[in-house]
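Take a look at the model below, then try each question yourself before you read the answer.

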Amino acid sequence: MLKRRLSVVALLAAIALVVAACGDDTTESTAATTTTQAATTTAAATTTTAGETTTTEAMGPAALVCQVSDTGGIDDKSFNETAWNGMLQAQEQFGVEPQFLESTDATDYRPNIDSFIAQGCDVIITVGFLLADDTAAAAADNPEQLFAIIDYPVIIPGVGPIAPFTETSTNARGLNFNTNEAAFLAGYLAAGMTATGVIGTFGGINIPPVTTFMDGFARGAAYYDSVKGTTTTVLGWDVEAQDGLFTGNFDSLDDGRAFAQNLMDEGADIILPVAGPVGLGSGAAIQDANAGGASVMMIGVDADMFFSAPDLQDVLLTSIQKKIDAAVLNTISNVLVLGALGNEYFGTLANGGVDLAPFHNFESAVPAELAAELVQLKADIIAGNVSVSG
Amino acid sequence: MELQLRGITKRFPGVLANDRVDLTVRPGEILGLLGENGAGKTTLMNILYGLYSADEGEILVDGVPRTFSGPGDAIAAGIGMVHQHFMLVPVFTVTENVVLGVEPTRGPGIINMRQARRDVAEISSKYGLEVDPDALIESIPVGVQQRVEIIKVLFRDAEVLVFDEPTAVLTPQEVEEFFGILRGLRDAGKAIVFITHKLKEVLEISDRICVLRRGRTVGERAPGEVDEATLAEMMVGRPVELVVQKAPARPGEVVLEVDDLMVFDDRDHPRVKGVTMSVRAGEIVGVAGVQGNGQTELVEALTGMRHPFSGAIRVLGEVVTRESPRGYHQRHVAHVPEDRQRAGLVLGFTVAENLILDSYYGEPFSHWIRMDWDAIRGTGRRLVEEYDIRTPSIEIPVSNLSGGNQQKVIVAREFSRDVRLIIASQPTRGLDVGSIEYIHERIIRQRDTGAAVVIVSTELDEVMALADRLLVMFGGRIVADLDPTSVTSAQVGLYMAGATP
Amino acid sequence: MSTGEEPQVSEPTSGEEASLFEELTGVGLEWRTAILVPALAVFSAMVVGAIIIAVTDIDALRLLGTNPGTALAEMWDSIWGAYKWLFLGSMGSLRAVSETLVQATPLILAGLSVAIGFRAGLFNIGAQGQLLVGGMFALFVGFSIHVPVYLHVPLALLAGALGGAIWGAIPGLLKARTGAHEVITTIMMNFIALRLVDYYLKSSWYQAAGRDDPVSKPIEVSAQLPKLFGFLERSDVRAHLGIVVALLAAYGVYWLLFKTTVGYEFRAVGYNPHGAKYAGMSVTWLIVGVMAVAGALAGLAGSDRILGVLHRGTPGFAGTIGFDAITLALLGRSHPWGVVASGLLFGALRAGGQEMQVNTDISLDLILVIQALIVVFIAAPALIRAIYRVKTAREAERLTTGWST
């Protein structure tokens, strides 16, 4: 049931739309199409052999796992796609049958969810806060159906349900990521690595899944300063005001370029763009600057961009990994093995749901001392000795 | 090269545009193709140029039958056409325009501009065209642009040159120069077809005249053996009054008073510099002048289309200096605009809709905001009948009508009301004899029923014939107030040129 | 000043060829021509869509060399499946019809907005922005006041229309007063609207209590457009009163354009602003008026989204309706009934597309491809003429020029 034709059709659609000079968002889909294949192959490479798949397939009718993507589409090179990678990993490991429905706009969410309910999906995974209301409503209308929603809390233990979810939303599981823990490490690293004493970040839109990166980053740098007595300026995020620099979109590579250029003009030599593909533009701007004699580095987000954006290997210091695929896989595993969703999921440094990627090309550039401190800091965060939220 | 059309027939659904037309043009002669608008001249030439295919008949080049499936074929066969509407790129130079599409090259893809420039200069001097190969099209006058079109055709080695209404866009002086060029081309052995509806011109320049009426050839004459009246009768199919017949004017009360009027154009240059005039009921005042001496702005100011800078305008004693077009309309002022397609009509609207263009907003055509289509159609049908507007229906877009009928729509609309003052600018420009006769007659009838009339025209003959009083405008001022019966056109021409005889 | 810059002699050329504007927008074309080309364009787009389905069926393509019979059968199955589910998903059941209506409603309203602009010679690319602002106005009235449904729904709709009208009138005013081209200004106004929505959804005025993301408070139940089939108590039948609003709006636009002096003025300005001025119309205020009416219609489209379906505001509530509306107005030949017909068609494509996505392995992008192809065929009527050898208005129209004095 893999939608193999997607790429070709999307490409044709893009061409047709460009020909029609229609004001539609086509560049995104062309860009996305070219990367789909790469992402799928890496996903396949990280999972187990085909032999295991055949053994599990013999175990009777495959479970149906279903994903409703938001308007970004399944090949958005961002969370929709990472979630889908988790579905594909589940297919490899458990022989489940993954399906997805794309939404063209906000009014499609509910009908798509309803279609999956009608198909008898074992679990329906919805992607992003925009689907929270429809997911909550569908969960209330269909108490027997299991749901999981990415980047939105459902019932936080000790706090209670988060609107629009209620006490009765026990058939839904929020897949949350304490991205700030990994970002804290990144901030510490950046403060230790900067030559100018200025580091910078910017986001896509001012929403929690984005700002949590920026907040952790800024606090990590501040923590470094408090330990070492240095003064590091963090541009683009004000911890006190909880506000900062935003492009206002998740698709303009030009914005990525411009924002990175501005930050570099202000002296930043390490930049953290938290805006999906926008960061690719920043990486290119940094490469240009470095070609002109500068020495600027970038920190990637979501996946280890060393692999997902190989063009940028020469500027990527590290990446703040947010393993949505792992959370999806964990949820499906729970449903299959335990027959239940399990508790609210929080990806942390402790459970590996978030992490700092290896330094790769910069392995030798990072002082051994600083690397060791990071290992210790990670352990301290896990142990609760260091608070990442101030 | 001899070109022969034999038995050309072209039908459009419901209309026979060309009916067994025969035509021959030989090297070294100018053939005048005379016909009213819609007589089928343009259709015939489009067939010749490969734009349409004939239903019947054949085209022979030097006696050999040819078929043209497009202008490319026609050009290759040595036929060149100069259209009424020039097909030039304004921001290109003369040379660039001439070679467009057939650029001489040296090596693949490299334009040999120097060669092209030399060719253009050579053609220009050979036929006395006096065109600067390096001038930008947008910077040269219309008359010279036309010569560029001629060079284009010659550059493509045309032996037969077809000119479609070439004088329509030219000033009288330019027409004279153009005729000189035509004669030069003829003497160089080219065959020339000159399409027109202007009797005088065709008599002056042609070696042979072929008259087309309703798609048919009605006769061929030599210019020496016919006069204007005969040709007009052949063209229209009935005797035509070429001289305006009118009784002496009986001027009444003063209707329009203009006092020291100054008007600026869009670029804030003064165009009308202190005009004072008055027009009485029952008289026609003609304003003559070479185009561009402020007449356009004067008319716009007198109809509310442009607010004067200073001075005063009074209609029937009431000050209307800064009124809107509607204000003038409501004071019984009719306006026949200079540019009928741009101002006087909404081409996309139907005939009926155009007939109420400035009175749609009140009774009986609308009640509050609701249009009364029955009343509008009723009026439309009545006016079409009364003003002899030739149209298959009042429900078709007015753009489908011929120029003469379009003008009749305007005249019908403007004259059918209770009118006290008529401001008519170039009322017969571009019209054929039949329509001109009709419009002149209508204007005189309005005068005789007591309207004050102002006619602004660059056609001196027309103003002289119509006007009871003749004003000459030069440099934004009225330089002469004459009695048209006691001056010659030569004298008026001197005033128009700014000289004081 | 050269003499006679406007040659006006002989057969008028203006009647011979429809201008590009007329070809594209359908304004001024005879009705049979106006319908023929869009119908053939839709048909051609479906045919090309079928070909695309076939050539993207990788499995079948692989078989083509070894077993062409099976391959062709498989391709045929794919095509048949796609179009079957497109049909069933748009018309096959009450739910399907309901979804078609739900999708069509804002498209019709926004399409009318663009169409009325075309009729008045204005390219209103700003429907998207007007839709957003209108939606935000309706949203605010939707959650902030507490009145019975028979007051709340009309008030919220009115607010939406007002918001859109204001947003539309601004570029109108800029054009009328300064000559700023509406294509540029409306596009810019779209961006401003988009950012304002982002901003206000995070502001305390709009943002739902206890939420960090840009999601507004839900509107009161009394502000929700009543369900058409509410008595069935089926949550999957979402059709609501919005479609009635859209049809009334279409009739209103028809009446305005063709039965009133206002519409006469709109159309006169559209064809020939100079002629409109000659006729004593105030061109300045007409342009502002047209843009305000267009904006109000787009604002209603945005309100329909909020009040009819979502019942709250999110950043993407307008989708791409304001841009699809341009396609729609072109397809509908800028005539209200044409817009209704193409709105229903596009609504059906979207509703059917969802069902196709559920039941086949063909991507939803097919719908975009078909829509795009429709535009291509509409924009290139010569292509349609060439393919189907239709004689359209051109030759027929110029005949009437043969009538003469």
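**Strands, sheets and helix contacts**

Q: Which residues on the two faces of S7(A) are buried?
A: A quick heads-up: this is a predicted model, where local features need pLDDT of at least 70, side-chain atom pairs count only at pLDDT 80 or more, and totals for chains, interfaces and linings use all residues, while side-chain values use heavy atoms and leave out hydrogens and water. Residues are numbered from 1 along each chain as its sequence is written, with chains lettered from A and ligands numbered from 1 in the order in which they are written. Buried means under 20% relative accessible area, exposed over 50% and partly exposed in between (1.4 Å probe, protein chains only). By that cut-off, both faces of S7(A) are covered, one by Ala172(A), Gly174(A) and Asn176(A), and the other by Arg173(A), Leu175(A) and Phe177(A).

Q: How many of the residues of S7(A) are buried?
A: Helices (H or I, at least four residues) and strands (E, at least two) are DSSP runs, numbered from the N terminus. In a regular strand the side chains alternate between the two faces of the sheet. Strand S7(A) spans residues 172-177 and is mostly covered, with the buried count being six of six.

Q: Which residue stands opposite Leu175(A) in S15(A)?
A: Two strands pair if DSSP finds at least two bridges between them. S7(A) is joined to S4(A) (residues 147-150) by four parallel bridges, and there Leu175(A) faces Ile150(A). S7(A) also pairs in the parallel sense with S15(A) (residues 345-347), over three bridges. In S15(A), the residue opposite Leu175(A) is Tyr345(A).

Q: Which are the edge strands of the sheet in chain B with the order S6-S7-S8-S3-S9-S10?
A: This is an open sheet of six strands with mixed pairing, and its twist averages 20° from one strand to the next. An edge strand here pairs on one side only, and that picks out S6(B) (79-82) and S10(B) (216-221).

Q: Which residue is the bridge partner of Glu29(B) in S8(B)?
A: S3(B) (residues 29-35) and S8(B) (residues 191-196) run parallel, joined by six bridges. Glu29(B) belongs to one of these bridges, and its partner in S8(B) is Ala191(B).

Q: What angle does helix H8(B) make with S9(B)?
A: Axes are lines fitted to C-alpha atoms, for helices over the stretch in contact, and angles run from 0 to 180 degrees between N-to-C directions. Helix H1(B) (residues 41-48) lies across several strands of the sheet, S3(B) among them, at about 135° to S3(B). Contact means heavy atoms within 4.5 Å. H8(B) (residues 228-236) packs on the sheet too, touching S3, S9 and S10 of chain B, and its angle with S9(B) is about 35°.

Q: Which residue is the bridge partner of His335(B) in S19(B)?
A: Chain B also has an open sheet of six strands in the order S16-S19-S20-S13-S21-S22, with mixed pairing. S16(B) and S19(B) (residues 421-425) pair in the parallel sense over four bridges, and helix H14(B) (residues 403-415) lies across both of them. The partner of His335(B) in S19(B) is Ile423(B).

Q: How many helices and strands does chain C have?
A: Buried residues make up 60% of the 405 residues in chain C. DSSP gives chain C 17 helices and zero strands.

Q: Why is H4(C) called oblique to H14(C)?
A: Two packed helices are described by the angle between their axes and the distance between the axes. The axes of H4(C) (residues 68-91) and H14(C) (residues 336-359) come within 7 Å and cross at roughly 120°. Angles under 35 degrees count as roughly parallel, over 145 as roughly antiparallel, 65 to 115 as roughly perpendicular and the rest as oblique. That crossing angle is therefore what makes the pair oblique.

Q: How many residues of H13(C) are buried?
A: H13(C) covers residues 321-331, and its buried residues include Ile321(C), Asp324(C) and Leu331(C). Just after H13(C), Arg333(C) takes a positive phi of about 55°. H13(C) is largely enclosed by the rest of the structure because its buried count is 10 of the 11.

Q: Which chains share the most contacts?
A: Chain A and chain B do not touch, with their nearest C-alpha atoms 26 Å apart. Two pairs of chains are in contact, and the pair sharing the most contacts is chains B and C.
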